[in-house]
Amino acid sequence: MMARAIGLVQLKGGAGRSTIATNLAGELARFHDVLLLDCDMPQGTSASWAALRKQAGRGTRLTFDTVYDAAELAEKIERRADQTGYVILDGAPRLTELSRAILSCSDLCLVPVGASAAELWATSHLFGMIAEVNKVRPVVACLVWTRFRAHTQIARKLSEAAAAALSIPALKSRLGYRVAYTEALGRGLTAAELGDRDARLEIVGLVAEIRRLMRYDLRMR
Ligand SMILES: Nc1ncnc2c1ncn2[C@@H]1O[C@H](COP(=O)(O)OP(=O)(O)OP(=O)(O)O)[C@@H](O)[C@H]1O
Ligand SMILES: [Mg+2]
């Protein structure tokens, strides 16, 4: 069976791509063979996280690799696609051929937005590229709210503004603003494994929503 690919794309640096990529990879690897491809080299946040995780003897169903350009991405997906359930692509905050390739080969593109206007503005630049790729192959893209402080005015206002102005929907699952995400990233863990109950509920909920989306809504692709 062909792997399902999930790409994390966002032009704003520090938006939360690697946090979502690593938590998804770790959580999905409880049930599936997962390949985590770090396409944000030489920074390599996801690759470092995965290396730490491997050292700690966790996650035998998770493999990881690095990708420097679009050709390498195509080659690595091609080579591994039938041996793995999910491929997670951690993208770079740049409008490059590699970002375009991530959009074209992902069954689902997730665009993390923290609760700041800057991330929404950056998202608008991504739309041009999504529109271009859409001419060749339909792109399914969803916003994922992260660092979301549910009870604040700004979170409410921004999510309303995004719903009104942006052409892509947001996932129902949102990640809150939690130290557990930062700590987990530095330790090769998911926030769920760290024992933070709220973070665990968020990650489990996010993965359940994504699996449902991929099983039903994207079945025809
Ligand atoms: N939901 C969250 N709650 C608290 N901190 C978060 C959350 N998501 C991300 N962070 C923190 O914000 C910082 C940036 O996150 P992350 O590395 O995931 O973003 P990125 O988009 O991959 O950034 P980069 O451009 O550096 O690759 C990290 O220190 C991370 O721990
Ligand atoms: Mg990153």
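**Exercise 1. Work out which polar atoms of the protein meet ligand 1, and how much of the ligand is covered.**

Step 1. Start with Ala15: one of its backbone N or O atoms is 3.0 Å from an oxygen atom of ligand 1. That falls under the polar-contact rule, a pair of N or O atoms within 3.5 Å.

Step 2. Now look at Gln43, where a polar side-chain atom lies 2.8 Å from an oxygen atom of ligand 1. At Gly176, a polar backbone atom is 2.8 Å from a nitrogen atom of the ligand.

Step 3. Check the cover: ligand 1 taken alone exposes 630 Å², and the protein buries 83% of that. These areas follow the Shrake-Rupley method with a 1.4 Å probe.

A word on the model before going on: it is predicted, so local features need pLDDT of at least 70 and side-chain atom pairs count only at pLDDT 80 or more, while totals for chains, interfaces and linings use all residues. Residues are numbered from 1 along each chain as its sequence is written, chains are lettered from A and ligands numbered from 1 in the order written, and side-chain values use heavy atoms, without hydrogens and water.

**Exercise 2. Describe the shell around ligand 1.**

Step 1. Count the neighbours: 16 residues surround the ligand, and the closest are Arg17, Ser18, Thr19, Gln43 and Gly176. Being near requires a heavy atom of the residue within 4 Å.

Step 2. Sort them by class: 3 are nonpolar, 9 polar and 4 charged. Here Ala, Val, Leu, Ile, Met, Phe, Trp, Tyr, Cys and Pro count as nonpolar, Asp, Glu, Lys and Arg as charged, and the others, Gly among them, as polar.

Step 3. Ask which element contributes most: H1 does, with 3 residues. Helices are DSSP runs of H or I with at least four residues, and strands are E runs of at least two, numbered from the N terminus.

**Exercise 3. Characterise the largest pocket.**

Step 1. Identify the site: ligand 1 takes up the space of the largest pocket. A pocket is an open set of points on a 1 Å grid over the protein atoms alone, where a 1.4 Å probe fits, with protein on both sides within 12 Å along at least five of seven lines; lining residues have an atom within 4 Å of a point. A molecule sits in one if more than half of its atoms lie within 2 Å of its grid points.

Step 2. Its volume is about 360 Å³, taken as the space filled by probe spheres set on the points, which are joined across faces, edges and corners.

Step 3. Of its 19 lining residues, Gly14, Ala15, Gly16, Thr19 and Arg147 lie nearest the centre. H7 gives the most to this lining, with 4 residues. The lining divides into 6 nonpolar, 10 polar and 3 charged residues.

**Exercise 4. Find the backbone oddities in two loops.**

Step 1. Recall the background: most residues other than glycine have a negative phi, and most peptide bonds are trans.

Step 2. Arg147 has a positive phi, near 50 degrees, and belongs to the loop between strand E6 (141-146) and helix H6 (153-165).

Step 3. The Met41 to Pro42 peptide bond is cis, with omega near 5 degrees. Pro42 sits in the loop between strand E2 (34-38) and helix H2 (45-55).

Definitions and conventions:
A polar contact is a pair of N or O atoms within 3.5 Å; within protein, one must be able to donate a hydrogen and the other to accept it, and residues adjacent in sequence count only if both atoms are side-chain atoms.
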